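Please look over the sequence and the model below. The report that follows covers salt bridges, strand pairing and backbone angles.

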Amino acid sequence: MYDICCVGHITLDKVVTTKSVVHMAGGTSFYFSNAVRHMDVKYRLVTGLAESEMNSVAELRAKGIEVDVVPSRHTVYFENIYSENQDHRTQRVLQKADPFSIEALSHTDARFFHLGPLLADDIPVELIKSLSERGKVALDVQGYLRKVENHNVHAIDWPAKQEALKYIHTLKANEHEMEVLTGLKDVRKGAKVLAEWGVKEVVITLGSMGSVIYANGVFHHIPAYVPTVVIDATGCGDTYMAGYLSQRIKGATLQEAGEFAAAMATLKIESSGPFTGTKEDVLDLLAASREKVFAEL
């Protein structure tokens with residue numbers, strides 16, 4: 001029995017910022033795995049990629065991460081282009097991987113399954129339902145809201161959202177994804193709608209303005225900790241969820257888990273590539289007198 005099992009494709013990423021162009025592995029599964037590995041939880045990654053990119057898996061395994069690979073004809077290839085403030089990006093998808101199946105997860109049991117679809121057809125609703133019968137399901141919804149046309153990524157609604165979200169314990173969305181799902185710009189109203197659809201813990205991230213967690217009819221306001229420097233925001237949301245779920249599993253309150261997660265995301269944005277810090281680094285940041293920013297809702 002694992003504490004957390006993450007399900008998602010490892011990608012080929014081209015990250016373009018105002019300062020650099022970097023080619024690297026990526027995807028929710030990649031950033032989440034790197035971030036959660038020092039959090040003292042029993043963890044497994046189930047991923048899919050082409051044989052030609054197995055070096056990415058070898059690097060994760062060399063770090064002590066347990067990885068189960070589902071063969072795929074292709075590896076997902078993303079191009080991420082960031083604006084100056086790093087809160088917004090333009091994406092292109094140059095190739096797609098095969099979707100996950102119920103069979104691929106039939107031999108893995110976990111307290112939390114964290115799903116990181118990158119595109120709308122990565123993880124079918126039938127798989128979400130199957131996993132919910134064996135553990136709690138956390139979902140980063142971004143992939144279900146992406147449609148690829150001529151390699152360009154367009155925001156779409158998720159037709160199966162109300163069917164699927166009733167099986168989701170913890171949902172992570174940013175404010176734009178929340179608006180696509182609910183049709184509402186107001187974070188409080190949007191979070192309440194998502195809860196009405198069955199989500200137990202609604203996590204809305206607001207970039208440099210912090211985040212909000214809604215559960216059991218209560219809003220928890222989580223600050224953003226101001227970074228010393230902004231280098232690369234890719235994977236910040238995945239790092240946040242690694243911190244959040246690892247702390248919730250250990251019994252942390254919603255507020256405690258949210259603040260820990262926010263601190264991890266701040267450390268991540270201060271360097272390029274995945275999170276490389278430790279739990280102690282996060283606790284040190286929380287203990288320091290870092291400037292905090294709260295969203296005005």
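## Salt bridges

A salt bridge here is a side-chain nitrogen of Lys or Arg within 4 Å of a carboxyl oxygen of Asp or Glu. The model is predicted. A search of the whole structure returns 14 such salt bridges.

Take Arg111 and Asp3. Their closest N and O atoms are 3.2 Å apart, and the two residues form a salt bridge. This pair links distant parts of the chain: Arg111 belongs to strand β8 (residues 110-115), Asp3 to strand β1 (residues 2-7), and 108 residues separate them. Are the partners buried or exposed? Arg111 has 41% relative accessibility, so Arg111 counts as partly exposed. Asp3 has a relative accessible area of 17% and is therefore buried. The cut-off for buried is under 20%.

## A second link between strands

Glu66 and Arg44 also meet through their side chains, in a salt bridge of 3.4 Å, N to O. Again the pair links distant parts of the chain. Glu66 sits in strand β5 (residues 66-71) and Arg44 in strand β4 (residues 43-49), 22 residues apart. Arg44 is buried, because its relative accessible area is 16%. Glu66 reaches 32% relative accessibility, so Glu66 is partly exposed.

The strands that carry this pair are also joined through bridges. β4 and β5 run parallel and share six bridges. One contact to look up: Thr47 has Val69 in β5 as its bridge partner.

## The open sheet

How many strands form the open sheet, and in what order? Nine strands form the sheet, in the order β5-β4-β1-β8-β9-β12-β13-β14-β15, with mixed pairing. Its edge strands are β5 and β15 (218-222), each of which pairs on one side only. On average, neighbouring strands of this sheet are turned by 15 degrees against each other, direction ignored.

Helix α8 (residues 254-269) lies across three strands: β13 (201-205), β14 (211-215) and β15. The helix runs at about 30 degrees to β15.

## The β10-β11 hairpin

Strand β10 (residues 146-149) pairs with strand β11 (residues 152-155). The sense is antiparallel, over four bridges. Two residues lie between the strands of this hairpin. Opposite Glu149 stands Asn152 in β11.

Glu149 has a salt bridge as well. Its side chain meets that of Lys147 at 3.2 Å, N to O. Both ends are partly exposed: Glu149 has 36% relative accessibility, and Lys147 has 39%. Elsewhere, salt bridges that share partners join Lys14, Glu79 and Arg92 into one network.

## Positive phi angles

Most residues other than glycine have a negative phi. Which residues depart from this here? Asn150 has a positive phi, near 50 degrees. Asn150 lies in the loop between β10 and β11, which is the turn of the hairpin. Its relative accessible area is 71%, so Asn150 is exposed.

Asp40 has a positive phi too, near 60 degrees. Asp40 is found in the loop between α1 (28-36) and β4. With a relative accessible area of 62%, Asp40 is exposed. The cut-off for exposed is over 50%.

Terms used:
Residues numbered from 1 in each chain as written. Predicted model: local features only at pLDDT ≥ 70, side-chain atom pairs only at ≥ 80, totals over all residues. Heavy atoms only, no water. Pairing = 2+ DSSP bridges. Buried < 20%, exposed > 50% of the residue type's maximum accessible area, 1.4 Å probe, protein only. Axes fitted to C-alpha atoms, helices over the stretch in contact; angles between N-to-C directions. Contact = heavy atoms within 4.5 Å.
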